[in-house]
Structure formats: structure tokens, C-alpha cells
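Thanks for coming. I will go through one structure today, and I will keep to what can be read from the coordinates.

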Amino acid sequence: INQRIIFNKSSTTLTAANREFLWYIGNKLIDHKGIRLRIVSIDSETDKALIDSRVEAIQSQLANTGLEGSRIQRVYRKMQTGDDINSVVIMFVKNSP
């Protein structure tokens, strides 16, 4: 399952809806130790600070729920045609047995 978090242009602030969503999934995942989160962001030299701040905002919101940082993985990927620099994707990943 993937969920896209959209930021307003040049903003690092999570919207109220995104904060609520992250709070919800963070609390749900606390009891489901077999599921991790992967935060996928664009690897951009020109917007690196902005992208890093956005990912930190997401990680901070998840940490506020009590979700362990060890269950959150950050992944960079190259920008592709059609990508939106203003979004970050959260993927739910089941732990391998």
C-alpha cells in the first residue's frame, strides 16, 4: 500500500489532513510490529534541503505517535517524467519472515 503526502509549493509544513493521516497510521502500526514504513523521496540536488525538511516533518509526526524510528526507512529515487517534486510517498512494507 502506498500513500502520497502532498506539500504546498516550497512548504515543509504538513497539512492538517496529512498530520491526521500520519497520526492514524502511526498509532495503528504500533501494535503491528511486522509492518515498517518506507518514505520515498526524490533525489534532487537543487531541492535537497526542501525535500529533506519534508521527510523530517513526516518522521517527526510519526515519532510523536510513539512509532519507533527503526521501523521507518528513508529511500531516495531519481526523478522521473511525471514526478511531482511536492510529494513524498509512504509505503507500507511487511517484514520478511
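This is a predicted model. I start with one residue, S41. Leaving aside residues up to four places away in sequence, S41 touches I51, V55, R74, V75, Y76 and R77. S41 sits in strand β2. Is S41 buried or exposed? Its relative accessibility is 2%, and buried means under 20%, so S41 counts as buried.

Two of those contacts, I51 and V55, are also among the buried residues of helix α2. The others on that list are D52, R54, I58, Q61 and L62. What covers the buried residues of α2? The cover includes β1, α1, β2, β3 and β4. As for length, α2 has 17 residues, which should span 24 Å at 1.5 Å a residue, and its end C-alpha atoms are indeed 24 Å apart.

Now the other helix, α1. This one covers residues 16-30, 15 residues in total. From first C-alpha to last it reaches 21 Å, close to the 21 Å expected at 1.5 Å a residue. Which residues of α1 are buried? They are N18, L22, I25, G26 and L29. Looking down the axis of α1, these buried residues fall within an arc of 105°, so they line one face of the helix. On the other side of α1, the exposed residues are A16, A17, E20 and Y24. The buried residues of α1 pack against strands β1 (2-6), β2 (35-43) and β4 (87-94), and against α2 (48-64).

That brings the two helices together. Where do they meet? On the α1 side the residues are R19, L22, W23, I25 and G26, and on the α2 side they are I58, Q61, L62 and N64. The axes of α1 and α2 are 8 Å apart, and the helices pack at an angle of about 50°. α1 and α2 are therefore oblique to each other. Their crossing is right-handed.

Last, the stretch after α2. Just after this helix, G66 takes a positive phi of about 100°. E68 lies in the loop between α2 and β3 (72-78). With a relative accessible area of 31%, E68 is partly exposed. E68 and I5 are 63 residues apart along the chain, and their C-alpha atoms are separated by 20 Å.

To recap the two helices: the buried residues of α1 line one face, and α1 crosses α2 at about 50°. That is all I have.

Note on methods:
Residues are numbered from 1 along each chain as its sequence is written. This is a predicted model: local features need pLDDT of at least 70, side-chain atom pairs count only at pLDDT 80 or more; totals for chains, interfaces and linings use all residues. Side-chain values use heavy atoms; hydrogens and water are left out. Helices (H or I, at least four residues) and strands (E, at least two) are DSSP runs, numbered from the N terminus. The expected span of a helix is 1.5 Å times one less than its number of residues. Buried means under 20% relative accessible area, exposed over 50%, partly exposed in between (1.4 Å probe, protein chains only). The arc is that of the directions from the helix axis to the C-beta atoms. Contact means heavy atoms within 4.5 Å. Axes are lines fitted to C-alpha atoms, for helices over the stretch in contact, and angles run from 0 to 180 degrees between N-to-C directions. Angles under 35 degrees count as roughly parallel, over 145 as roughly antiparallel, 65 to 115 as roughly perpendicular and the rest as oblique. A crossing is left-handed if the near helix is turned anticlockwise from the far one by less than a right angle, and right-handed if clockwise.
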